[in-house]
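Here is a walk through one protein model, going from its sheets to a helix and a few backbone oddities. Have the structure open as you read.

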Amino acid sequence: MLSILIPTYNYNTYPLVLELKGQADLLSIDYEILVQDDFSSLFIEENSKINELENCSFEINEENLGRGKNINLLNSKAKYENVLIMEADSFPEKKEYLEILISNINQNTKIIFGGVIYPKKKPNKEKVLRWKYGTYRETKSLIERKKNPYSFVFSWNLLLKKEIISNNPFKTSIKHYGYEDLIFINDLRRSNTEILHIENHLIHYNFESNLTFIKKTETAITMLNQLITNGELNYIDTKITKAYRSLKFFHLETIFIFLFKKISNSLVTNLNSLNPNLIQFDLYKLGYFCLLNKKKNV
């Protein structure tokens, strides 16, 4: 009936598995919960307890595969036709989370996305950037998601048929953080695969530090640059690359890079403050992308 797939890396996934197992047992459905650690070093003892739970398993990759390839591996192990991709640092908002998902499964529905929210309580200064970005950029109402069904969806809290990933796997070339979701969703869009949006949130408890999130964003922008160069993404696929193309069109790239170098330190200072400005975060990402392209064109 349902295979729950949880890729994890340096995170204690045991509480999430306990919650999902409890909900599944109450529904008396055929299910399995598969947790795959991507060759990390933390919480191995805690996660190993998952193997003591009925219908649950925890395994560790022999090398770091990257999130997309890790999901492909989990999907290949799944024994049921419906697979639910979870994020290890998420938790269901409702005790009826699985019941709501399953009640929406029918012959005509191939993909269901339940939406994402973040904790209401603002974290401390050192961790506020990721929370603010998620709260104001990733959390969208059901009405907004239905208006733009492919724009506000992630490859977690995503229930879909196993065959969809088997026939359209995540890009294995993306080993580092960034944009495997976008390529996967773009493929769904091109194939006209309909996504059913419902109100069934996962709460994302991502408490990484501001500086860690900035570094991960730089990694993602570097990956974006590679994907554009390799032709796996187009300039129209992201706001950053569309803005970059506009700068190039009006011959403003050199001026923007000059200004970015002048203000980049002050941008980071703001992003590491108690009230980071997301517009400044956008400018930082665009400036970083411009710098990468300048180096590429030298």
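## Loops, sheets and a helix

H251 lies in the loop between α10 (239-249) and α11 (253-271). Keep in mind that this is a predicted model. The phi of H251 is near 55 degrees, a positive value in a residue that isn't glycine. As a rule, most residues other than glycine have a negative phi. Is H251 exposed or buried? H251 counts as exposed, because its relative accessibility is 70% and the cut-off for exposed is over 50%.

N10 is another residue to click on. You'll find N10 in the loop between β1 (2-8) and α1 (14-27). N10 also has a positive phi, near 55 degrees, without being a glycine. With a relative accessible area of 23%, N10 is partly exposed.

Now for the sheets. One open sheet has 7 strands in the order β3-β2-β1-β4-β8-β6-β9, and its pairing is mixed. At the edges stand β3 (56-60) and β9 (195-197); each has a single partner strand, so one side of each lacks a neighbour in the sheet. From one strand to the next, the twist averages 20 degrees. Helix α3 (residues 67-77) packs on this sheet and touches β1, β2 (31-37), β3 and β4 (82-85). The direction of α3 makes about 145 degrees with that of β2.

In general, strands of a sheet pair through backbone hydrogen bonds, either parallel or antiparallel. Both senses turn up among the pairs below, which include one from the other sheet described further down.

| Strand pair | Sense | Bridges | A bridge partner pair |
|---|---|---|---|
| β1 and β4 | parallel | 4 bridges | L2 and N82 |
| β4 and β8 | antiparallel | 4 bridges | V83 and L160 |
| β6 (residues 111-113) and β8 (residues 158-161) | antiparallel | 3 bridges | F113 and L158 |
| β5 and β10 (residues 202-204) | antiparallel | 3 bridges | F91 and I203 |

Stay with β4 for a moment. Which way do the residues of β4 point? N82 and L84 point one way, while V83 and I85 point the other way, and all of them are buried. N82 is the bridge partner of L2, and V83 stands opposite L160 in β8.

The other open sheet has 3 strands, in the order β5-β10-β7, and again the pairing is mixed. Its edge strands are β5 (90-92) and β7 (116-117), each of which pairs on one side only. The β5 residue F91 has I203 in β10 as its bridge partner.

Finally, take a look at helix α9, residues 210-229. How far apart are the end C-alpha atoms of α9? They are 29 Å apart, which agrees with the 28 Å that the 20 residues should span at 1.5 Å a residue. That expected span is 1.5 Å times one less than the number of residues.

The buried residues of α9 include N210, F213, I214, T217, E218, A220 and I221. Further along α9, M223, L224, N225, L227 and I228 are buried as well. An α-helix has 3.6 residues a turn, so residues three or four places apart point the same way. Just after α9, G231 takes a positive phi of about 80 degrees.

Methods: Residues numbered from 1 in each chain as written. Predicted model: local features only at pLDDT ≥ 70, side-chain atom pairs only at ≥ 80, totals over all residues. Heavy atoms only, no water. Pairing = 2+ DSSP bridges. Helix = DSSP H or I, 4+ residues; strand = E, 2+ residues; numbered from the N terminus. Buried < 20%, exposed > 50% of the residue type's maximum accessible area, 1.4 Å probe, protein only. Axes fitted to C-alpha atoms, helices over the stretch in contact; angles between N-to-C directions. Contact = heavy atoms within 4.5 Å.
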